[in-house]
Amino acid sequence: MSNNVPKHVIQEVSFIGSYPRVSIAPSSGKPEIAFIGRSNVGKSSLINMICGRKKLAKTSSTPGKTQMINLFDVDDRWIIADLPGYGYAKVSKKTRGKWSKMITDYLLEREDLVTVFVLVDARVKPQESDLEKIVWLGQKQIPFGIIFTKVEKLKNTELGNNVDTYIAHLQEHFDPLPNYFITSAKTKTGGQELLDYIEYILDSVN
Ligand SMILES: Nc1nc2c(ncn2[C@@H]2O[C@H](COP(=O)(O)OP(=O)(O)OP(=O)(O)O)[C@@H](O)[C@H]2O)c(=O)[nH]1
Ligand SMILES: [Mg+2]
């Protein structure tokens, strides 16, 4: 990026609330961006990273921490939605079903939603539950991007190989390919690129 372009930073974030169903989540009319992905992939940590706050969204080393739709107002301009994870085997089938419905209903019904980011763990091979979700988003024509997380755990060559494998899978379904981002909440990698892209999206919907 040219040095003349100001870097996008988030100034003020406030917690709006937690909602068990999209139907009761208040709408501000501001563009909303959601973060989804398997339990423990690092959704809440990534949100904290881009907001420059340590404990805005609650995180845990135990999967299944985020259990509702959590909304945050960003600079009185846009909204972040932190959602529960999907595919966590250790919660009951009933709870899994409830979270899954919460996410699906949110994605289908949320009128303010402008883009959803699907977070995938850069360390593991493409997971069926992620690929299914991604293909479904494409079918429903819901705009999305992919965020690889925890990349500091990998050597550059491993990361390159894993991303290439993922892209090869996506190429079977998408042309053009979805945008993707390489991030680590631990080393604060990739936040600027993500924020720049979010600004681009916000500009294009205004
Ligand atoms: N090494 C490493 N660990 C990370 C990174 N991001 C998150 N984690 C860890 O992964 C675990 C889960 O992080 P969360 O942000 O709570 O994950 P989540 O996707 O919000 O999980 P649920 O709310 O349970 O669905 C925590 O122990 C984090 O510290 C990262 O970039 N690198
Ligand atoms: Mg979470």
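Biologist: What makes β2 and β5 count as paired strands, and in which sense do they run?

Modeller: Strands are DSSP runs of E with at least two residues, helices runs of H or I with at least four, both numbered from the N terminus, and two strands pair if DSSP finds at least two bridges between them. β2 and β5 are joined by six bridges in the parallel sense, so they satisfy that definition; within this pairing, Ile-33 stands opposite Thr-115 of β5. This is a predicted model, in which local features need pLDDT of at least 70, side-chain atom pairs count only at pLDDT 80 or more, and totals for chains, interfaces and linings use all residues. Residues are numbered from 1 along each chain as its sequence is written, while chains are lettered from A and ligands numbered from 1 in the order in which they are written.

Biologist: Why is β2 described as largely enclosed?

Modeller: A residue is buried if 20 or more other C-beta atoms, placed from the backbone, lie within 10 Å of its own, exposed if 12 or fewer do, and partly exposed in between. Six of the six residues of β2 are buried, so the strand is largely enclosed by the rest of the structure. Glu-32, Ala-34 and Ile-36 are buried on one side, and Ile-33, Phe-35 and Gly-37 on the other.

Biologist: What makes the sheet's pairing mixed?

Modeller: The open sheet has seven strands in the order β1-β3-β4-β2-β5-β6-β7. The edge strands are β1 (13-19) and β7 (180-182), each of which pairs on one side only. β2 and β4 run parallel and share four bridges, with Glu-32 partnered by Ile-79, whereas β3 (69-74) and β4 (78-82) are antiparallel over five bridges, with Ile-79 also the bridge partner of Asp-73.

Biologist: How do you know which strands helix α5 touches?

Modeller: Contact requires C-beta atoms, placed from the backbone, within 7 Å. Helix α5 (191-205) packs on the sheet and touches β2 (32-37), β4, β5 and β7; its direction makes about 160° with that of β5, where axes are lines fitted to C-alpha atoms, for helices over the stretch in contact, and angles run from 0 to 180 degrees between N-to-C directions.

Biologist: Which class dominates the shell around ligand 1?

Modeller: Polar residues do, with 14 against four nonpolar and six charged; Asp, Glu, Lys and Arg count as charged, Ala, Val, Leu, Ile, Met, Phe, Trp, Tyr, Cys and Pro as nonpolar, and the others, Gly among them, as polar. Helix α1 (43-51) gives the most to this shell, with three residues.

Terms used
Two residues are in contact if their C-beta atoms, placed from the backbone, lie within 7 Å.
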